[in-house]
Amino acid sequence: MSKVAATLARAPNAVFGLLLACESGRPVAELAARAGLAEQELENILERARDGELPRVSSREGLPTAVVASPASPALAASTPALPVPVAEPPLPTPSIPPAVEEKTAMPEHVSGIGSKPRLDWVEVGLIDVDAAYQRAADDKSVQRIVDGFRWDHFGAVVLAEQASGRFKVTDGQHRVRAAQQHPEVTHVPALIISVAGTAAEADNFLTINRARRAVSTIEIYWAGLASGDSASVRVRDAVEKAGCSIIRTQAAYKAGQTGAVGAISRCLDRFGDNATVAALKIIRAAWPDDAKSLRGTLITALARIIRGNERVDRDRLIKVLAPKSFAELTAHAEAFRKLSGGSADTVLARTITELYNKGLSTNTIYFGEAV
């Protein structure tokens with residue numbers, strides 16, 4: 001180590017001043033030249049300072065002594081220029097802490113006007129009874145469907161009325177309860193336990209829940225099925241789109257080329273196939289292009305049935321015989337058939353369309369097909 005380096009190593013204030021200058025971006029080569037040192041010598045001294053091997057500097061008013069004091073060695077002071085004083089950054093403002101959200105106080109067990117608070121719990125299935133005095137007769141097929149496809153994320157909570165005996169009566173969800181009682185892996189069910197007492201109060205709870213419940217429409221089921229990737233919904237969508245049509249979003253917003261007959265289309269696809277169903281939709285659109293209500297379920301079914309039963313049917317002729325007629329005229333004619341021989345709505349409508357098609361033909365006639 002050179003004499004200058006040895007002197008500098010004994011002057012921690014000067015060392016830390018050089019260290020600050022170096023950390024602030026001044027090149028080591030420039031600092032070494034000004035201090036009369038070889039670059040490697042200064043690197044070694046600064047490394048020792050970083051590692052804490054040199055005495056700590058005292059501080060005054062928050063700044064290192066090296067910044068405010070002269071170097072300890074006169075020789076070093078003569079050859080080392082004053083080092084720049086780093087400008088202290090202003091302190092960051094203390095972030096304001098939002099006041100804590102006021103928590104609601106727990107709801108009391110009984111609130112005037114809205115009744116007693118129910119509780120949520122898991123209840124053993126063997127402790128649950130169904131009161132035939134107000135419950136509907138169970139649909140065994142529905143129960144079996146729940147058993148076969150049992151999943152907790154589809155189950156939900158049943159509503160139970162607690163009895164003085166420690167048992168429970170179900171006021172909502174009896175099919176799910178019966179399915180849970182039959183399933184070999186289910187021992188308890190999630191339940192909303194209410195504090196009503198007596199058959200009259202339990203029956204009133206049953207009526208209130210079921211009267212307020214709105215049935216889910218086939219259109220709502222279709223759109224939900226489409227969002228979930230349900231294969232039946234996707235099949236309906238594909239058939240409708242192939243025919244240049246679409247499914248309505250709500251019953252109140254029909255436009256030409258739209259239909260809400262999701263159930264009828266789904267049944268047609270199963271009974272008569274995709275080709276016959278798509279052809280029926282196309283024929284209706286061609287016959288009544290401006291009629292917003294033309295794509296009715298009975299008409300789609302009747303035409304799909306005719307097309308499936310008559311491979312060589314002239315589809316252009318079908319359009320020609322249908323176009324001059326209104327749906328009201330077709331149904332009036334169909335009603336006459338129904339009064340004479342009976343039959344479903346789509347059967348008598350298929351017979352009406354077949355008669356219109358065959359009128360004036362001696363060959364290549366068609367028949368109204370079979371309800372597959």
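**A colleague's note: rings, helices and a few single residues**

1. Phe155 is buried, with a relative accessible area of 4%. That value is under 20%, the cut-off for calling a residue buried, so Phe155 earns the label. Please keep in mind as you read on that this is a predicted model.

2. Let us step back to the whole chain for a moment. What does its secondary structure come to? The chain has 17 helices and eleven strands. Of its 372 residues, 36% are buried. When you look at contacts with a separation of 6 or more, 70% of them join residues that are 24 or more positions apart. Points 7, 8 and 9 below look at pairs that are well separated in the sequence, including Ala253 and Ala292, which are 39 residues apart along it.

3. Now for the aromatic rings. The count of aromatic pairs comes to five. Take Phe150 and Trp152 as one of them: the ring centres are 5.0 Å apart and the planes stand at 85 degrees, so this pair is edge-to-face. The cut-off behind that word is an angle over 60 degrees. Phe150 also pairs with Phe155, with 5.3 Å from centre to centre and 40 degrees between the planes, and this pair is tilted. Which residues do the ring pairs link into a cluster? They are Trp122, Phe150, Trp152 and Phe155.

4. Are the members of this cluster buried or exposed? Phe150 is buried, at 17% relative accessible area, and Phe155 is buried too, at 4%. Trp152, in contrast, has a relative accessibility of 41% and therefore counts as partly exposed. When you turn the model, try finding Phe150 and following its two ring partners named here, Trp152 and Phe155.

5. Two rings have a charge sitting over them. The charged end of Arg176 is placed over the ring of Phe155, 5.8 Å from the ring centre. Elsewhere, Arg296 lies over the face of Phe327, and here the distance to the ring centre is 4.2 Å. Arg176 is also among the buried residues of helix H8, which spans residues 174–182. The other buried residues of H8 are Gln174, His175, Val177, Ala179 and Ala180. What do the buried residues of H8 pack against? Their partners are strand E6 (128–129), helix H7 (140–148), strand E7 (158–162), strand E8 and strand E9 (188–194).

6. Next, a pair of helices. Two packed helices are described by the angle between their axes and the distance between the axes. For H15 (residues 315–322) and H17 (residues 345–358), the axes come within 9 Å and cross at roughly 105 degrees. That angle makes H15 roughly perpendicular to H17. Which residues meet? Arg317, Leu318, Val321 and Leu322 come from H15, while Ile353, Leu356 and Tyr357 come from H17. Sorted by class, this contact has six nonpolar residues, one charged residue and no polar ones.

7. Asp172 is worth a look as well. This residue belongs to strand E8 (residues 168–172), and Asp172 is buried, with a relative accessible area of 9%. Leaving aside residues up to four places away in sequence, Asp172 touches Gln135, Val158, Val159, Ile209, Asn210 and Arg213. Asp172 and Leu207 are 35 residues apart along the chain, and their C-alpha atoms are separated by 9.5 Å.

8. Two alanines in loops make a nice exercise. Ala137 is in the loop between E6 and H7, and Ala137 is exposed, at 72% relative accessible area. Between Ala137 and His175 there are 9.7 Å from C-alpha to C-alpha, although they are 38 residues apart along the chain. His175 is one of the buried residues of H8.

9. The second alanine, Ala253, is in the loop between strand E10 (246–247) and strand E11 (258–259). With a relative accessible area of 40%, Ala253 is partly exposed. Not counting residues up to four places away in sequence, Ala253 touches Ile248 and Gln258. The C-alpha atoms of Ala253 and Ala292 are 9.5 Å apart in space.

10. One last residue to check is Asn364. Most residues other than glycine have a negative phi. What is the phi of Asn364? It is near 55 degrees, a positive value in a residue other than glycine. Asn364 is found in the segment after H17, and Asn364 is exposed, with a relative accessible area of 66%.

Notes:
Residues are numbered from 1 along each chain as its sequence is written. This is a predicted model: local features need pLDDT of at least 70, side-chain atom pairs count only at pLDDT 80 or more; totals for chains, interfaces and linings use all residues. Side-chain values use heavy atoms; hydrogens and water are left out. Axes are lines fitted to C-alpha atoms, for helices over the stretch in contact, and angles run from 0 to 180 degrees between N-to-C directions. Helices (H or I, at least four residues) and strands (E, at least two) are DSSP runs, numbered from the N terminus. Angles under 35 degrees count as roughly parallel, over 145 as roughly antiparallel, 65 to 115 as roughly perpendicular and the rest as oblique. Contact means heavy atoms within 4.5 Å. Ala, Val, Leu, Ile, Met, Phe, Trp, Tyr, Cys and Pro count as nonpolar, Asp, Glu, Lys and Arg as charged, and the others, Gly among them, as polar. Rings of Phe, Tyr and Trp (its six-membered ring) pair if their centres lie within 6.5 Å; planes under 30 degrees apart count as stacked, over 60 as edge-to-face and the rest as tilted. Buried means under 20% relative accessible area, exposed over 50%, partly exposed in between (1.4 Å probe, protein chains only). A charge sits over a ring if NZ of Lys or CZ of Arg is within 6 Å of the ring centre and within 35 degrees of the ring normal.
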